[in-house]
Amino acid sequence: MPVRDEKEHLNLILGSHLTTIHDTLQILDQTPSSSLDKVTWDDVIKMADQVSKQATTVGMLWTGDKPESKVIEENMASYFNTLQGFLLLSHGSTVGAGPTLSSCIHASVKLIVDSSFRLMKETVSLYGSNQEGQKLSIPQLVGTVWEACSALKKTPATNITAIGRGMTKVAVSVKDVLREMKELKPGSSDDPVDKAVGESCAETESEPRDDNSSEGDLGNDLSPEEMKVAERAIVVVSDTLSVLKELIRSITGLIKLEKPNDNSSFVNSLEKLLQLCQELSQQIDEIGACLYPPQEIPAIEAALEKIHSIIVAVQVEIEGLQGASDVFLEACNVLKSSLGQLASELSSSSTADIEAKVENITLTNK
């Protein structure tokens with residue numbers, strides 16, 4: 001058979017295998033019945049190792065003389081049979097998995113499938129080619145499959161681990177906001193009256209500003225009242241971070257309570273807690289954005305109310321799981337206290353802002 005016909009035949013077979021895998025992938029989008037036996041994560045890892053070995057075999061085909069069409073065809077059949085078995089075991093491992101754990105598993109599985117597709121497509125593409133340099137792509141693609149299979153071992157195997165990682169991402173985001181808040185600085189004038197006069201007098205000379213530095217100066221011109229609000233807000237965010245850390249510790253301590261096939265109230269509560277943490281992070285982002293002058297006091301006040309409601313809801317969920325430690329409850333109480341202190345500061349700041357505006361109007365009218 002001419003090489004061109006052989007390559008066309010290989011492409012047809014490859015297309016058939018790809019279609020089969022795509023159909024199998026659709027199964028992973030479906031929630032498996034809780035009545036099914038759960039596949040252990042160790043079995044999934046072992047099957048991934050087999051996929052990795054299949055990739056190694058593909059790479060070896062191109063280390064010597066060019067492989068024959070029949071050899072590539074047999075290799076494809078073996079590879080895709082192993083890959084399909086891996087997909088079915090992966091689906092079986094999601095019995096009792098909540099949305100977060102399922103999402104983590106699907107993402108890792110997709111990396112293996114995508115890298116496998118690229119490797120096998122390149123294998124067929126190389127058949128009959130006279131360009132020796134093209135063979136250099138095979139070892140790289142084999143390495144990509146190895147990396148994807150190795151990464152699977154770091155994928156969370158339980159709902160608690162997946163939820164804990166999700167909460168950790170939230171905590172990192174809140175920590176970033178805290179760091180940015182601490183970079184806020186007061187303006188050069190400490191006297192609000194002097195500042196008002198300086199802004200209203202056209203004759204006052206000002207230092208030339210570099211247009212390129214305007215972004216870097218953002219947050220460096222807070223008034224004394226605004227700085228007080230920022231300082232109180234920093235305490236709120238810091239206390240929020242403490243609550244998140246203690247919540248993660250509490251969740252981790254529940255790992256012995258998780259049942260392999262349980263996808264009922266326990267997992268639902270974990271998912272609810274993660275959702276609340278994500279909502280909490282959104283409100284922290286809102287406060288951080290509103291601290292830059294001119295500060296948006298009503299938006300900050302609204303965020304504080306939402307944070308208080310979220311913390312109350314978090315306490316209800318974690319107590320329902322019997323995982324609320326004394327340290328966690330204390331962290332929640334400290335946060336509620338700092339929320340109240342910031343709310344009080346906002347009230348004082350709002351009054352001072354009105355007085356400053358009145359003073360400004362008086363000065364400009366003289």
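A residue counts as buried when its relative accessible area is under 20%. In this predicted model, alanine 331 has a relative accessible area of 12% and is therefore buried. Alanine 331 belongs to helix α11. Beyond its neighbours within four places in sequence, alanine 331 is in contact with Ser242, Val243 and Glu246. Leucine 241 is separated from alanine 331 by 90 residues in sequence, yet their C-alpha atoms are 9.5 Å apart in space.

Helix α11 (326-365) also takes part in the largest nonpolar core, supplying at least two of its residues, as do α6 (159-181), α8 (224-252), α9 (265-290) and α10 (297-320). The largest share, 13 residues, is provided by α8. This core comprises 54 residues, and the members that touch the most others are Met167, Leu247, Ile251, Ile287 and Ile300. For leucine 247, the contacts outside its neighbours within four places in sequence are Met167, Leu273, Cys277, Val314, Ile318 and Phe328. Another core lies apart from the largest one; it has 43 residues, including Val51, Leu87, Val113 and Leu126.

The packing of helices can be considered next. Two packed helices are described by the angle between their axes and the distance between the axes. Helix α1 (residues 3-28) packs against helix α3 (residues 69-92) at an angle of about 5 degrees, and their axes are 10 Å apart. Because angles under 35 degrees count as roughly parallel, α1 is roughly parallel to α3. The contact of α1 with α3 is formed by 15 nonpolar, seven polar and two charged residues.

Notes
Residues numbered from 1 in each chain as written. Predicted model: local features only at pLDDT ≥ 70, side-chain atom pairs only at ≥ 80, totals over all residues. Heavy atoms only, no water. Core = buried A, V, L, I, M, F, W, Y, C linked by side-chain atoms within 4.5 Å. Buried < 20%, exposed > 50% of the residue type's maximum accessible area, 1.4 Å probe, protein only. Helix = DSSP H or I, 4+ residues; strand = E, 2+ residues; numbered from the N terminus. Contact = heavy atoms within 4.5 Å. Axes fitted to C-alpha atoms, helices over the stretch in contact; angles between N-to-C directions. Parallel < 35°, antiparallel > 145°, perpendicular 65-115°, else oblique. Nonpolar A, V, L, I, M, F, W, Y, C, P; charged D, E, K, R; others polar.
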